[in-house]
Amino acid sequence: MPEPPLRVAYVVTSTGVGGAERQVYDLAAVFRSRGWGVGVVSMVPLHERFLPLRDEGVRLASLEMTKGRPDPRGLVRLARLLRAWRPDVVHGHMSHANLITRLVRPLVPGPRYVSTMHNQDEGHQWRYYAYRLTSPLAHVTTTVSQVAVDEAVRRHATRRQDMLLVPNGIDTRRHEPDPVLRRSTRAALGLEDRFVWLTAGRLVEAKRHADLIAAMRLVRQSAPEVQLLIAGSGALHSMLEREIERSDLTANVSLLGLRDDVGALMQAADGFVMSSAWEGLPMVLLEAAATALPIVSTDVGGTREVVKERETGFVVPAEQPQRLAQEMLRLMALSPEERRAMGQRARQHISDAFGLDRIADRWETLYRPPA
């Protein structure tokens, strides 16, 4: 006999654009579809991207905190919300939300408290010490990749025996390869028959887009018509624009800004490339692989859990543009049939290892107290 549904409240630092935020959105939707009572609390004002969850019956709220400004009133607001919602589970995602949900437990002791770390590098060392000090206040602590587990233990956030690995999940049905969408998107962007690389993510130092531009300078020497699409916004936009101009790559590299059609861009691309210096388990890699794109990525976070070397793509050391360029050219040299086979293997691997329903089942086991 199936166990009855519970009530879960997800607490997140923000609801903007990012892999952790996307994962919370998907988990909220899938548990609501299973009949659970679901709420999402953002520490800062809600982003419009989360508003469709209301139509599915998910409660949404904000603690109305200001980014970068600690405010003890947020703790009081969270306690008030949780008393009103009466969840069985409170699940924090990202460092600030993890800490506030742990600190609220003495004020609202009833629920089961879960914390998820989403990055290989959670930031300054004080955060890791804060994790260690508040560790007894979480019933379960998880992270999204083995590399992130190892780093959390190395930096004293927790003992290894107290940390569980639960990867991100993805609904592969949303990323089914679509030849019609591919043709229309390529036509709209004027890509013609060029080989098109795509990368997507915030324009911040961690993503090392400057390394990717340097790699593109080398790739173009062998493939003058190659095209790179960079989808995302951030503080480094102007700097990257200048670097593209300085490298004489304006005809080869396009800064697209923030896009709400990254899925269509993935359909249009021939390969996905990621140049990050650190990650957790990048949702964007899961999405690219689910779209049957072969991948070249730096060896950070859970990349090797997504990209199977020579089977679904190639993995290179971080911050080495020359090696990145070599593997990009290596993938480009494959025949279209070989690239398609590589992409299909990638999609199958994601479905088998990271399917959203499979990951939600693992969460459900953790959400229910042990017998």
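In the predicted model, Ser275 is a buried residue, because its relative accessibility is 3%, under the 20% limit for burial. Ser275 lies in the loop that runs between β11 and α11. Its side chain makes two polar contacts with backbone oxygens: that of Lys207 is reached at 2.9 Å, and that of Arg208 at 3.1 Å. When residues up to four places away in sequence are set aside, the residues touched by Ser275 are Lys207, Arg208, His209, Leu212, Thr298 and Leu324. Lys207 and Arg208 thus appear both as partners of the Ser275 side chain through their backbone oxygens and among the residues that Ser275 touches.

The two elements that flank this loop also take part in the largest nonpolar core, which comprises 31 residues. Within this core, the residues with the most contacts are Phe272, Leu286, Val306 and Ile350. Two or more residues each are contributed by β8 (196-200), β9 (227-231), α10 (262-268), β11 (271-274), α11 (283-290) and α14 (336-354). The largest contribution is that of α11, which supplies seven residues. Ile350 illustrates how the core is assembled: beyond its neighbours within four places in sequence, Ile350 contacts Ile170, Thr172, Leu286, Ala289, Ala290, Val306 and Gly355. Among these partners are Leu286 and Val306, which are themselves listed with Ile350 among the residues with the most contacts inside the core. A second core, separate from the one just described, holds 30 residues, including Leu27, Val114, Val166 and Ile359. In soluble globular proteins, nonpolar side chains tend to be buried together.

Aromatic pairing was examined next. Six aromatic pairs are counted in the model. In one of them, the ring centres of Phe31 and Tyr367 are 5.4 Å apart and the ring planes stand at 50 degrees; the pair is therefore classed as tilted, since this angle falls between the limits of 30 degrees for stacked and 60 degrees for edge-to-face pairs. This pair joins distant parts of the chain, with Phe31 in helix α1 (residues 19-33) and Tyr367 in helix α15 (residues 356-367), a separation of 336 residues. Phe31 is buried, with a relative accessibility of 0%, and Tyr367 is likewise buried at 0%. A further tilted pair is formed by Phe195 and Trp197, whose ring centres are 5.2 Å apart and whose planes also meet at 50 degrees. Both Phe195 and Trp197 are buried. Phe31 and Tyr367 additionally belong to one aromatic cluster together with Trp36 and Trp363.

Several loop residues were considered individually. Glu64, in the loop between β3 (59-62) and α3 (72-85), has a phi angle near 55 degrees, a positive value in a residue other than glycine. Glu64 is classed as partly exposed because its relative accessible area is 48%, which lies between the limits of 20% and 50%. Arg86 follows in the loop between α3 and β4 (89-93), and its phi angle is also positive, near 55 degrees, again in a residue other than glycine. Arg86, however, counts as exposed, because its relative accessibility of 59% is over 50%. Leu46 occupies the loop between β2 (37-42) and α2 (52-55) and is partly exposed, with a relative accessible area of 26%. Its contacts, not counting residues up to four places away in sequence, are with Thr15, Arg54, Leu60, Ala61 and Ser62. Leu46 is separated from Ala292 by 246 residues in sequence and by 32 Å in space, C-alpha to C-alpha.

At the level of the whole protein, the secondary structure consists of 15 helices and 13 strands. The radius of gyration is 21 Å, which agrees with the value near 21 Å that a compact globule of 371 residues would have. The C-alpha trace spans about 60 × 45 × 35 Å along its principal axes. Of the 371 residues, 55% count as buried. Among contacts with a separation of 6 or more, 70% are between residues 24 or more positions apart. The exposed surface amounts to about 16,600 Å², of which 51% is supplied by carbon and sulfur atoms.

Key:
Residues numbered from 1 in each chain as written. Predicted model: local features only at pLDDT ≥ 70, side-chain atom pairs only at ≥ 80, totals over all residues. Heavy atoms only, no water. Core = buried A, V, L, I, M, F, W, Y, C linked by side-chain atoms within 4.5 Å. Buried < 20%, exposed > 50% of the residue type's maximum accessible area, 1.4 Å probe, protein only. Helix = DSSP H or I, 4+ residues; strand = E, 2+ residues; numbered from the N terminus. Contact = heavy atoms within 4.5 Å. Polar contact = N/O pair within 3.5 Å; in protein donor to acceptor, adjacent residues only side chain to side chain. Rg over C-alpha atoms; globule rule 2.2 N^0.38 Å. Areas by Shrake-Rupley, 256 points an atom, 1.4 Å probe, with all protein chains shown as cover. Phe/Tyr/Trp six-rings, centres within 6.5 Å; stacked < 30°, edge-to-face > 60°.
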